[in-house]
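Q: Please take a close look at one helix of this predicted model, and set that part within the chain as a whole. A connected account for a first-year student would be welcome.

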Amino acid sequence: MVRIPTPEFYTFYNGQKEQPLEQELKLSDAFINPAGNNSAELKVKVININSDKAHELLKKCDVLREYSQFIDTVREHSGEESAIKKAIRECIDRGIPADYLKRKGSEVENMLIAEYSYEEDIQVKQQEAEQQGRQEGLILSGRIFQTVKNKKTE
């Protein structure tokens with residue numbers, strides 16, 4: 001047997017839904033059937049790196065802190081035309097990962113546009129599914145009403 005270091009798994013959360021400062025997720029929680037004796041368990045520590053949460057890690061790691069500030073800036077400009085470009089320029093002016101954004105700004109912009117497009121696409125599909133469900137519900141309730149009405153007249 002070859003001895004190896006114990007692996008640790010982390011995920012950094014920067015979404016907009018309310019989440020605790022830290023939490024532990026287990027892969028087995030997603031299993032359809034309970035894990036058996038021979039199952040491996042994966043535990044992942046999730047750390048909320050949103051600026052407003054002020055996790056201790058943000059004080060220790062400049063890169064994560066600057067990334068968190070950059071995402072805050074993007075969110076401040078959301079809804080504006082060219083929001084991502086404005087956020088990139090503003091962050092460069094403020095020195096928030098300025099060197100990186102100067103070199104990779106267009107890649108960052110393309111990545112964020114793709115991410116927002118995907119999120120918007122999901123929202124639109126959810127709204128369409130809700131609307132279709134309402135229409136089907138109305139049709140079904142109309143049929144039920146008609147059936148009940150016909151039974152009363154018989």
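A: Read from the N terminus, the elements of the protein chain follow the order β-β-β-α-α-α-α. The secondary structure thus amounts to 3 strands and 4 helices. The model is a predicted one, and the values below are computed from it.

The helix chosen for the close look is H2, which covers residues 62-77. Helix H2 consists of 16 residues, and the distance from its first C-alpha to its last is 23 Å. That span is close to the 22 Å expected at 1.5 Å a residue. Several residues of H2 are buried, namely Leu64, Ser68, Phe70, Ile71, Thr73, Val74 and His77. To count as buried, a residue must have under 20% relative accessible area. After H2 comes Gly79, and the phi of Gly79 is positive, near 95°.

Ahead of the helices, two places in the chain deserve attention. Ala54 lies in the loop that runs between strand S3 (43-48) and helix H1 (56-60). Ala54 is not a glycine, although its phi is positive at about 50°. With a relative accessible area of 44%, Ala54 is partly exposed, because this value falls between the limits of 20% for buried and 50% for exposed.

The other place is Tyr13, which belongs to strand S1 (residues 10-13). Along the chain, Tyr13 and Asn48 are 35 residues apart, but their C-alpha atoms are separated by 4.7 Å. Leaving aside residues up to four places away in sequence, Tyr13 touches Gln19, Val46, Ile47, Asn48, Ile49 and Asn50.

The picture may now be widened to the whole chain. Among contacts between residues at least 6 apart in sequence, 48% join residues at least 24 apart. The radius of gyration of the protein chain is 24 Å, whereas a compact globule of 154 residues would have one near 15 Å. Along the principal axes, the C-alpha atoms fill a box of roughly 80 × 55 × 25 Å. Of the 154 residues, 19% count as buried. The accessible surface comes to about 12300 Å², and carbon and sulfur atoms account for 52% of that area. As for charge, the protein chain carries 27 negative and 23 positive side chains, and 4 Å separates the centres of the two sets.

Conventions. Residues numbered from 1 in each chain as written. Predicted model: local features only at pLDDT ≥ 70, side-chain atom pairs only at ≥ 80, totals over all residues. Heavy atoms only, no water. Helix = DSSP H or I, 4+ residues; strand = E, 2+ residues; numbered from the N terminus. Expected span 1.5 Å × (residues − 1). Buried < 20%, exposed > 50% of the residue type's maximum accessible area, 1.4 Å probe, protein only. Rg over C-alpha atoms; globule rule 2.2 N^0.38 Å. Contact = heavy atoms within 4.5 Å. Areas by Shrake-Rupley, 256 points an atom, 1.4 Å probe, with all protein chains shown as cover. Lys, Arg positive; Asp, Glu negative; His and termini not counted. Charge placed at Lys NZ, Arg CZ, Asp CG, Glu CD.
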